Amino acid sequence: MDKKNALRAGALAAGTTLMMLLMSSPALALTRDDGDDPGPGLSVIDTLGLYVVAPLALFGAIFGLVWVLDKSKDRQPKPAKAKA
């Protein structure tokens with residue numbers, strides 16, 4: 001990619017990001033909608049459990065299942081053939 005294309009791509013990315021920031025006004029989050037009834041907030045323990053522990057446990061469970069149920073026999077790297 002030459003310099004001109006890189007500059008064009010950077011300008012496009014910066015312009016897109018700026019437009020997204022301008023269009024998503026945080027002031028809209030302050031007005032409540034009809035029927036909006038938020039529940040109680042999460043404690044620190046609940047937040048850590050939901051967003052840290054649960055994904056790690058899910059990753060561990062998937063890793064464990066793949067590891068246990070893997071049936072492949074060939075685990076050693078094959079020796080390199082000598083070149084003539």
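**Exercise 1. Determine how many of the 26 residues of helix α2 are buried, and set the result against the whole chain.**

Helix α2 is hardly covered, with a count of 0 buried residues among its 26. Here buried means under 20% relative accessible area, exposed over 50%, and partly exposed in between (1.4 Å probe, protein chains only). This is a predicted model, in which local features need pLDDT of at least 70 and side-chain atom pairs count only at pLDDT 80 or more, while totals for chains, interfaces and linings use all residues. Residues are numbered from 1 along each chain as its sequence is written, and side-chain values use heavy atoms, with hydrogens and water left out. For the protein chain, buried residues make up 0% of the 84 residues.

**Exercise 2. Compare the expected span of α2 with the distance between its end C-alpha atoms, and locate its bend.**

Helices are DSSP runs of H or I with at least four residues, strands are runs of E with at least two, and both are numbered from the N terminus. The protein chain has 2 helices and 0 strands. The expected span is 1.5 Å times one less than the number of residues. For the 26 residues of α2 this gives 38 Å, and the end C-alpha atoms are 36 Å apart, which agrees. A bend of about 35° occurs at Val53, and Pro55 follows within four residues; the bend is the angle between axes fitted to the seven residues ending at a residue and the seven starting there.

**Exercise 3. Classify the ring pair of Phe63 and Trp67, and place it in the helix.**

Rings of Phe, Tyr and Trp (its six-membered ring) pair if their centres lie within 6.5 Å; planes under 30 degrees apart count as stacked, over 60 as edge-to-face and the rest as tilted. The count by this rule is 1 aromatic pair. The ring centres of Phe63 and Trp67 are 6.5 Å apart and their planes lie at 10°, so the pair is stacked. Phe63 and Trp67 are 4 residues apart in helix α2 (residues 44–69), and therefore separated by about one helical turn. Trp67 counts as exposed because its relative accessibility is 63%.
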